[in-house]
Amino acid sequence: MSDQGPDVANTDASNADLPTAAGMYDYYLGGTNNTAAERAAAEQIIERAPEIRDTAWANRGFLGRAVRWMAAEQGIRQFIDIGAGFPTQRSTHDVAHKVDPGIKVVYSDSDARVVARGLELLENVPGTAAVQADLRDPEALLTHPATAGLIDFAQPVGLLVVAVTHFIPDADDPWGLVRRYVAALAPGSFLALSAGTNDHNDERKAARGTQVYSISASPFHWRTKSEFERFFEGLEIVPPYPGAGPEITFLGLWGCEDPEAADTDGSRWGYAAVGRKP
């Protein structure tokens with residue numbers, strides 16, 4: 001949304017009728033944490049591009065596989081999930097706690113409704129927190145008491161920025177913002193990031209998506225492959241699957257067992273990668 005669901009960068013909390021990206025993402029995933037306005041907006045996109053549900057699940061699959069790999073194979077025991085949306089539908093703590101129930105997870109989102117619901121869902125989940133913070137204000141999240149209470153910045157962190165940066169316009173420099181988060185992390189930390197692209201897709205479908213999100217709380221900004229690669233400058237790209245080189249790939253391909261089967265139409269609506277901080 002990050003899975004997630006995505007961060008809602010321009011949320012107007014006073015307007016309950018304004019659809020948010022978090023609620024729309026939840027709807028694509030078959031969840032119930034969405035409003036009538038969000039369902040209506042999502043259906044407008046589904047009508048033109050029915051593969052969007054596959055895109056959402058491909059993105060959620062990337063999140064899960066990246067978290068599992070970091071926790072099980074790289075020993076990461078703390079995660080920050082930026083713009084996480086609702087912590088449901090195979091969320092970060094669900095995946096991580098299957099590896100080690102002691103793993104710490106901090107979720108953030110800029111939407112007060114999303115965070116309030118997140119706190120309810122996480123009430124009985126040890127080692128987790130939900131923080132209201134906008135991606136564009138790194139210090140607000142990094143210095144938040146809930147973050148400080150769970151995250152040891154002297155140790156490696158798994159930073160998840162999944163399906164978030166495409167809600168940040170170029171003018172706000174999403175690349176520089178991500179670098180500020182990474183700069184706060186210890187060497188050996190990882191960045192997992194995905195973002196929407198229309199490099200290989202029907203321009204009419206992409207235009208429809210842009211139009212629908214433009215009237216929501218979260219206007220959409222497609223990224224080209226070269227723009228996406230900029231998020232990983234200074235990091236060591238992890239090969240996405242056995243036999244691949246260190247490269248950017250489509251959503252469904254990262255961590256997949258069968259690249260040919262994973263390369264679906266829905267998967268091609270987003271790029272994904274994991275990078276290690278040296």
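A good place to start is the largest pocket, which is lined by Arg65, Arg68, Trp69, Ala72, Glu73, Val238, Pro239, Pro240, Tyr241, Pro242, Trp254 and Gly255. The pocket holds about 150 Å³ of space. Its lining divides into eight nonpolar, one polar and three charged residues. Here Ala, Val, Leu, Ile, Met, Phe, Trp, Tyr, Cys and Pro count as nonpolar, Asp, Glu, Lys and Arg as charged, and the others, Gly among them, as polar. On a 1 Å grid over the protein atoms alone, a pocket is an open set of points with protein on both sides within 12 Å along at least five of seven lines, a cavity is a set where a 1.4 Å probe fits but cannot get out, and lining residues have an atom within 4 Å of a point. Grid points are joined across faces, edges and corners, and a volume is the space filled by probe spheres set on the points.

Before going further, please note that this is a predicted model, in which local features need pLDDT of at least 70 and side-chain atom pairs count only at pLDDT 80 or more, while totals for chains, interfaces and linings use all residues. Residues are numbered from 1 along each chain as its sequence is written, and side-chain values use heavy atoms, with hydrogens and water left out.

Now let us turn to the interior. The largest nonpolar core has 36 residues, and Leu159, Leu191, Phe228 and Phe232 have the most contacts inside it. Such a core is a set of buried Ala, Val, Leu, Ile, Met, Phe, Trp, Tyr and Cys residues joined through side-chain atoms within 4.5 Å. At least two residues of this core come from each of strand 3 (128–132), helix 6, strand 4, helix 8, strand 5 and strand 8 (270–276). Helix 8 gives the most, with five residues. Helices (H or I, at least four residues) and strands (E, at least two) are DSSP runs, numbered from the N terminus.

Helix 8 covers residues 174–183, and seven of its ten residues are buried. Buried means under 20% relative accessible area, exposed over 50%, and partly exposed in between (1.4 Å probe, protein chains only). The buried ones in helix 8 are Pro174, Trp175, Gly176, Leu177, Val178, Tyr181 and Val182. They pack against helix 6 (138–142), strand 4 (158–162), strand 5 (190–196) and helix 10 (225–229). What does Leu191 touch, leaving aside its neighbours within four places in sequence? Leu191 is in contact (heavy atoms within 4.5 Å) with Leu159, Val161, Val178, Val182, Phe231, Phe232, Leu235, Ala273, Val274 and Gly275. Apart from this core lies another, of 30 residues, including Ala66, Phe79, Ala84 and Ala96.

Ala84 also leads us to an enclosed space. The second largest cavity is lined by Ala84, Gly85, Pro87, Tyr107, Ser108, Asp109, Val114, Val115, Gly118, Ala130 and Val131. Strand 2 (104–109), helix 5 (112–121) and strand 3 each give two or more residues to that lining. The volume of this cavity is about 60 Å³, and its lining has seven nonpolar, three polar and one charged residues.

One of the lining residues, Val114, lies in helix 5. Val114 counts as buried because its relative accessible area is 1%. Not counting residues up to four places away in sequence, Val114 touches Ala22, Gly85, Phe86 and Asp109. Val114 and Phe86 are 28 residues apart along the chain, yet their C-alpha atoms are separated by 6.0 Å.

Ala22 brings us to helix 1, where eight of eight residues are buried: Ala21, Ala22, Gly23, Met24, Tyr25, Asp26, Tyr27 and Tyr28. In the segment before helix 1 we find Thr20, which is buried because its relative accessible area is 5%. A polar atom of the Thr20 side chain lies 3.2 Å from the backbone nitrogen of Gly23. After helix 1 comes Gly30, with a positive phi near 85°.

Our last stop is Asn34, in the loop between helix 1 (21–28) and helix 2 (36–48). Is Asn34 buried or exposed? Asn34 counts as buried, because its relative accessibility is 10%. The side chains of Asn34 and Asp26 are joined by a polar contact of 2.9 Å. A polar contact is a pair of N or O atoms within 3.5 Å; within protein, one must be able to donate a hydrogen and the other to accept it, and residues adjacent in sequence count only if both atoms are side-chain atoms. Leaving out residues up to four places away in sequence, Asn34 touches Gly23, Asp26, Tyr27 and Arg39.
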